[in-house]
Amino acid sequence: MDPTIPSANIRLAVPFFMVRDMEASLQFYVEKLGFKLTRQWTPRGKIEWCWLERDQVSLMLQESREEKFDGEKGKGVSTCFQCVDALTLYHEFTAKGVEIKEPFVGNGLWVVCFADPDGYKLDFESLTDVPEETIYSEWIK
């Protein structure tokens with residue numbers, strides 16, 4: 001290792017979502033999106049926090065202990081997953097019942113965009129040379 005080049009200290013950023021209903025969120029992320037539950041915290045006999053992984057990305061969920069959940073936790077929050085092929089994921093997720101807006105091209109990327117049960121916006125994106133603002137149904141004709 002070159003002593004003149006500092007080693008990377010910050011290596012990973014993981015989205016951490018507060019959720020209303022852990023069971024519903026796990027069903028969505030694990031069964032519909034294909035994430036794997038790799039770590040969990042169960043202080044009261046049920047999962048209250050967990051770490052999920054799929055391919056090379058991770059995210060964390062924690063069930064809110066507050067009796068009143070304002071329902072606005074996910075508003076304005078987006079996580080963009082950079083993928084090899086976002087359209088393959090579009091087909092995978094819709095086959096499992098995930099409601100997704102029609103994919104489109106923006107900023108040189110196919111964008112597959114939808115919200116989780118708590119309103120967190122999830123964007124799965126992959127590079128493309130398809131013209132900007134093309135929508136999927138126009139492109140596949």
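This briefing covers two sheets, their helices, one buried glutamate and the largest pocket. The model is predicted. One open sheet of four strands has the order 1-4-3-2. Another open sheet of four strands has the order 5-8-7-6. Pairing is mixed in the 1-4-3-2 sheet, and pairing is mixed in the 5-8-7-6 sheet.

**Sheet 1-4-3-2**

- The strand order is 1-4-3-2, in an open sheet. Strand 1 and strand 2 are the edges, and each pairs on one side only.
- Neighbouring strands of this sheet are turned by 25° against each other on average, direction ignored.
- Helix 1, residues 22-32, packs on this sheet. The helix touches strand 1, strand 2, strand 3 and strand 4. Its direction makes about 165° with that of strand 4.
- Strand 1 (residues 16-19) and strand 4 run parallel and are joined by four bridges. Met 18 has Gln 62 of strand 4 as its bridge partner.
- Strand 3 and strand 4 are antiparallel, with six bridges between them. Here Cys 50 stands opposite Leu 61 of strand 4.
- Strand 2 and strand 3 also run antiparallel, joined by five bridges. Lys 36 stands opposite Glu 53 of strand 3.

**Strand 4 and its hairpin**

- Strand 4 spans residues 57-63. Six of its seven residues are buried, so the strand is largely enclosed by the rest of the structure.
- Strand 3 and strand 4 form a hairpin with two residues between the strands. In this hairpin, Asp 55 takes a positive phi near 55°.

**Glu 48**

- Glu 48 sits in a loop. That loop lies between strand 2 (36-41) and strand 3 (49-54).
- Is Glu 48 buried or exposed? Its relative accessibility is 5%, and buried means under 20%, so Glu 48 counts as buried.
- The side chain of Glu 48 makes a polar contact of 3.1 Å with the side chain of Arg 44.
- Leaving aside residues up to four places away in sequence, Glu 48 touches Met 22, Trp 41, Pro 43, Leu 61, Gln 62, Glu 63 and Arg 65.
- Two of these names recur in the strand pairings. Leu 61 stands opposite Cys 50, and Gln 62 is the bridge partner of Met 18.

**Sheet 5-8-7-6**

- This open sheet runs in the order 5-8-7-6. Its edge strands are strand 5 (78-82) and strand 6 (104-106), each pairing on one side only.
- On average, neighbouring strands of this sheet are turned by 35° against each other, direction ignored.
- Strand 7 (residues 109-115) and strand 8 (residues 121-127) run antiparallel and are joined by seven bridges. Ala 115 has Lys 121 of strand 8 as its bridge partner.
- Helix 2, residues 86-95, lies across strand 7 and strand 8. The helix runs at about 30° to strand 7.

**Largest pocket**

- The largest pocket holds about 240 Å³ of space.
- Strand 5 and helix 2 are the elements that give two or more residues to its lining.
- How many residues line the largest pocket? The lining has 13 residues.
- Nearest the pocket centre lie Arg 54, Asp 55, Gln 82, Cys 83 and Leu 89. Asp 55 is also the hairpin residue with the positive phi.

Methods
Residues numbered from 1 in each chain as written. Predicted model: local features only at pLDDT ≥ 70, side-chain atom pairs only at ≥ 80, totals over all residues. Heavy atoms only, no water. Buried < 20%, exposed > 50% of the residue type's maximum accessible area, 1.4 Å probe, protein only. Polar contact = N/O pair within 3.5 Å; in protein donor to acceptor, adjacent residues only side chain to side chain. Contact = heavy atoms within 4.5 Å. Pairing = 2+ DSSP bridges. Axes fitted to C-alpha atoms, helices over the stretch in contact; angles between N-to-C directions. 1 Å grid on protein atoms, 1.4 Å probe; cavity = no way out; pocket = protein on both sides within 12 Å on 5 of 7 lines; lining within 4 Å. Points joined across faces, edges and corners; volume = space filled by probe spheres on them.
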